[in-house]
Amino acid sequence: MTKETLVPVLGIVTDVRVDTPDVKTFRVNAVDGGKCFEHMPGQCAMLSIPGVGEAMFSITSSPTNKEFMEFSIKKCGCLTNWLHQMDVGQMITVRGPYGNAFPVEEDLKGQDLLFIAGGIGLAPLRSVINYVRANRENYGKVRIVYGSRTKEDLVDYPEIVNEWCQEAGIEVFLTIDQAQEGWDGHVGFVPAYVTELGFDPHGRVLVCGPPIMIKFTTQALLEMGFDKTQIYTTMELRMKCGVGKCGRCNIGDQYVCKDGPVFRFDQLGELPAEY
Amino acid sequence: MRKFAADQLTKIISSISTPVYAPVEDGSMVVYDRYEDGMTLRLDKVGTDKTPKDILFPQWENLMHFRMEGKTIQLTEEERAKEDYVIFGVRACDIQAIKVLDRVFLADPIDTYYAARREHGTIVGLACGEPAKSCFCKNFGVDPAKPDADVVLWPAGDCWYCEAYTDKGRALMESWPTEAADEAAVETIKAEIAVKYDALPFAKLNLNGFDGDHLMEKFDSPKWKKLSMPCLGCGSCTFACPTCQCYDIRDYDTGNGIQRYRCWDSCMYSDFTLMAHGTNRPTQVERYRQRFMHKLVYFPSRNDGMYSCVGCGRCIEKCPMNLNIVKVIKALGEGDSND
Ligand code: SF4
Ligand code: SF4
Ligand code: FES
């Protein structure tokens, strides 16, 4: 962890990958090589360009990647616009890791895993998926349902198709919102696709995406017989400090930056729906 | 127990070798500021306009500086406080407020900017002689007659009684021209304060049900709407409050780089939780609820029952719309039907 609260370390952008029309993935290294710090899947980091802003992003890469960290960032405001203009060699500030992580070494261990993501919501789950791939013997079957608006909006399509889809024990189900030329896969929203696929209510489910998608997907899962204790998601609220002190990101008595961002659905149900 | 004559007070303050922050007049306000000879000390003022929070967690402070050149960044941290100082004349409620701030800033991971200041300070507490009508500190376990400080002063007209309770306090008091005093005299003063306090209008509020176990019930109360209706979202209550600690982190261009600083913020402001796709507290009802739920329910739920209100009464005095936490406690309290 960056040693001082609020004080970042410097990172350097060593690769920029254009994933979709509005998502780029940045590879970040410490200035003298290696990673800025270690993390667990689901944790986040504060990235900043001094003078432009600072914001929280989930760490997309898996901790099993020993060389660098990756952040998939969607362009949606002042800081992210600036980040999208960055070239290789640009320095940024990084602090973290913040928050809890998906319980990859506890509750998820030995389980069949169902990942459900919408759009940029794949970013935090990609870290878990690649962690599970790197420790394959510790987990059961892996199924991934991933949807986006168009086929161009699927984040890092090459990795999905060339790696995930080729691996034994992993099933990938892709969908896009509307029919499109050059797409012969499934068409339709994620929650409906999940219902259509119909999953046995065992193992653990990790859901991440826009709030509305999370809501309907969870409903679908509960109808299938899944229990709230089997379902995890991550929350996103405005953040400044990342350490439960600036008072900005609470849901009830929980700070998303510190107690989250990963919540199990039964835990979330005990909190005010103020998110 | 020791005592010194009333006319020794300013001499004692002036003789302290470190900077001393004390309640002094600043225009029409009483604020905690660096004391210098000639200033008007206002140890008599209950509910100072600004609070000792200003010293530990200033309204704005520099955190670090960046030099940007082409694609490179150079970072220089702001130095942490390293000079000893004294805060002189802090009331019991405001000391409790510092303990609330400690819970936040000294919790892991420690805020080193705050921690350094906290460590270098010695606090001289001041027992309350005359409470204000708006005081309700005892509801939160604060004893106005016995501040929890390094040194405590009791006013007794022609003299001040004083006692050191910590090593820091004993070191500070060492050079004061005090004489031995009768413990019983202070007990009498304490008893008098208790009597005056118990006669106050908000002396006994019912806090039953303000805890984590009743979180959803309190959150879902239909009363928030009516309670918050007059609120302008001006943030005065949060800025006057000795326990409010929400902050923002901002950058500005100094012409010679970027200065990153932090400054107080307020959960009462509409943009406090605003994100690119909207806010989770869209109206003043949610913001108002957040402020009081935090103080009365969320904070105690996470801090062994400690409330993040100390009953100082400042929000009662400062709100332009006459809103305050007492109204909330009365409206949402258990077995209380008046809203
Ligand atoms: S909420 Fe009001 S009474 Fe309570 S500590 Fe803050 S200003 Fe004082
Ligand atoms: S001082 Fe009064 S009007 Fe202003 S934000 Fe606080 S409660 Fe609302
Ligand atoms: S970001 Fe400051 S409390 Fe969570």
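Entry 1. Terms before looking anything up.
I take buried to mean under 20% relative accessible area, exposed to mean over 50%, and partly exposed to mean in between. I also note that this is a predicted model.

Entry 2. Asp251(B) and Arg260(B).
I looked up the salt bridge between Asp251(B) and Arg260(B) and found the closest N and O atoms 2.8 Å apart. Are the two partners buried, partly exposed or exposed? Asp251(B) has a relative accessible area of 22%, so I enter this residue as partly exposed. Arg260(B) has a relative accessible area of 2%, and therefore I enter this one as buried.

Entry 3. Other salt bridges within chain B.
I then looked up Arg314(B), which forms a salt bridge with Asp94(B), with 2.8 Å between the closest N and O atoms. This pair links distant parts of the chain: Arg314(B) sits in helix α11 of chain B and Asp94(B) in helix α3 of chain B, 220 residues apart. I list both Arg314(B) and Asp94(B) as buried.
Asp54(B) forms a salt bridge with Lys50(B), and I read 3.0 Å for the closest N and O atoms. Asp54(B) and Lys50(B) are both buried.

Entry 4. Salt bridges over the whole structure.
How many salt bridges does a search of the whole structure find? I have 42 over all chains. Of these, I looked at the interface of chain B and chain A, across which the rule finds six salt bridges. In one salt bridge, Arg248(A) is paired with Asp265(B), and the closest N and O atoms are 3.0 Å apart.

Entry 5. Elements and residue classes on the chain B side.
I counted 25 residue pairs in polar contact between chain B and chain A, both residues being at pLDDT 80 or more. I then asked which elements of chain B each supply at least two residues of the side that touches chain A. The strands are β4 (60-69), β5 (72-77), β11 (247-253) and β12 (258-264). The helices are α3 (92-105), α4 (112-120), α7 (215-219) and α10 (284-302). I note that α10(B) gives the most to this side of chain B, with seven residues. By class, the residues of the side of chain B that touches chain A are 24 nonpolar, eight polar and 15 charged.

Entry 6. Contacts and area between the chains.
I find 47 residues of chain B in contact with 47 residues of chain A. The area buried between chain B and chain A comes to about 3700 Å², and carbon and sulfur atoms give 54% of it. Which three residues supply more than any other three of the area that chain B buries against chain A? I have Lys71(B), Ile73(B) and Tyr247(B), which supply 17%.

Entry 7. Shell around ligand 1.
I looked up the 13 residues around ligand 1, of which Cys241(B), Cys309(B), Cys312(B), Gly313(B) and Cys315(B) come nearest. Helices α10 and α11 (314-318) of chain B each supply at least two residues of this shell. I sort the shell around ligand 1 into eight nonpolar, two polar and three charged residues.

Entry 8. Shell around ligand 2.
Which of the 13 residues around ligand 2 come nearest? I list Cys231(B), Cys234(B), Gly235(B), Cys237(B) and Cys319(B). The shell around ligand 2 has ten nonpolar and three polar residues, and I enter no charged residues for it.

Conventions:
Residues numbered from 1 in each chain as written. Chains lettered and ligands numbered in written order. Predicted model: local features only at pLDDT ≥ 70, side-chain atom pairs only at ≥ 80, totals over all residues. Heavy atoms only, no water. Contact = heavy atoms within 4.5 Å. Buried area = accessible area lost by both parts, 1.4 Å probe. Salt bridge = Lys/Arg side-chain N within 4 Å of Asp/Glu carboxyl O. Polar contact = N/O pair within 3.5 Å; in protein donor to acceptor, adjacent residues only side chain to side chain. Helix = DSSP H or I, 4+ residues; strand = E, 2+ residues; numbered from the N terminus. Nonpolar A, V, L, I, M, F, W, Y, C, P; charged D, E, K, R; others polar. Near = heavy atom within 4 Å. Buried < 20%, exposed > 50% of the residue type's maximum accessible area, 1.4 Å probe, protein only.
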